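Please open the structure in a viewer and keep the selection tool at hand. The tour below proceeds from one selection to the next and describes what is found at each stop.

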Amino acid sequence: MGNTVFSKILRKEIPADIVHEDELCIALRDINPQAPTHLLIIPRQEIAGIDGIEDADAALVGHLFVVARDLARKLGLEESGYRLVINTGADAGQTVFHLHVHLLGGRTLTWPPG
Ligand code: 5GP
């Protein structure tokens, strides 16, 4: 049983502003948004990060991106654009070791990231 904050949210032990739920993942609003829209798409399966993905998880990982696309469309971001981010490990600033895709949009996002 996972002990990260996302596992606790998945078990409904911690409240969250959930915007999507299906059999494979949930999506919720980030508690500390970095853009007008900042969602996290989180698989129900406990995978610590990109390096923990196994070949058999390919369809699940693809599903996270399909959900991200659908949410971006639902929020009207497909024209203006948006960014999907997966921080992996210390150098990337990963803080929650349960795989998640950030969906950021609603403002001009600069590049390169800090
Ligand atoms: P990471 O740095 O691991 O890529 O991203 C973790 C994200 O989870 C951060 O953007 C952080 O604000 C968010 N976060 C951490 N704790 C909570 C929480 O309890 N609820 C929600 N909704 N987001 C959280």
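A polar contact is here a pair of N or O atoms within 3.5 Å. The model on display is predicted, and the tour begins at its ligand.

**First stop: the ligand and its polar contacts**

Select the ligand together with N87. An oxygen atom of the ligand and a polar side-chain atom of N87 are 2.8 Å apart. Add D30 to the selection: an N or O atom in the side chain of D30 lies 2.5 Å from an oxygen atom of the ligand. Then show the backbone of T95, where a polar atom is found 2.8 Å from a ligand oxygen. How much of the ligand's 520 Å², exposed when the ligand is taken alone, does the protein bury? The buried share is 84%.

**Second stop: the shell around the ligand**

Extend the selection to the residues that surround the ligand, 16 in number. R29, D30, N87, T95 and H102 are the closest of these. Colour the shell by residue class, and it separates into seven nonpolar, seven polar and two charged residues. Which element gives the most to this shell? Select α1, spanning 5–10, which contributes three residues. The other element that supplies two or more residues to the shell is β2, at 25–29.

**Third stop: the largest pocket**

Hide the ligand and display the space it takes, which is the largest pocket. Rolling a probe the size of a water molecule over the atoms shows where empty space is left. The largest pocket holds about 840 Å³ of space. Its lining comprises 34 residues, and those closest to the pocket centre are D30, Q34, H38, N87 and H102. To trace the lining by element, select α1, β2, β3 (37–43), β4 (82–85) and β5 (101–105), each of which gives two or more residues to it. By class, 17 lining residues are nonpolar, 11 are polar and six are charged.

**Fourth stop: two points in the backbone**

Most residues other than glycine have a negative phi, and most peptide bonds are trans. Go next to the segment after β5, where P112 is located. The peptide bond between W111 and P112 is cis, with omega at about 5°. Finally, select K12 in the loop between α1 and β1 (18–21). K12 is not a glycine, yet its phi is positive, at about 65°.

How values were computed: Residues are numbered from 1 along each chain as its sequence is written. This is a predicted model: local features need pLDDT of at least 70, side-chain atom pairs count only at pLDDT 80 or more; totals for chains, interfaces and linings use all residues. Side-chain values use heavy atoms; hydrogens and water are left out. A residue is near a molecule or strand if one of its heavy atoms lies within 4 Å of it. A polar contact is a pair of N or O atoms within 3.5 Å; within protein, one must be able to donate a hydrogen and the other to accept it, and residues adjacent in sequence count only if both atoms are side-chain atoms. Accessible areas come from the Shrake-Rupley method with a 1.4 Å probe; for residues, only the protein chains shown count as cover. On a 1 Å grid over the protein atoms alone, a cavity is a set of points where a 1.4 Å probe fits but cannot get out, and a pocket is an open set with protein on both sides within 12 Å along at least five of seven lines; lining residues have an atom within 4 Å of a point. A molecule sits in a cavity or pocket if more than half of its atoms lie within 2 Å of its grid points. Helices (H or I, at least four residues) and strands (E, at least two) are DSSP runs, numbered from the N terminus. Ala, Val, Leu, Ile, Met, Phe, Trp, Tyr, Cys and Pro count as nonpolar, Asp, Glu, Lys and Arg as charged, and the others, Gly among them, as polar. Grid points are joined across faces, edges and corners, and a volume is the space filled by probe spheres set on the points.
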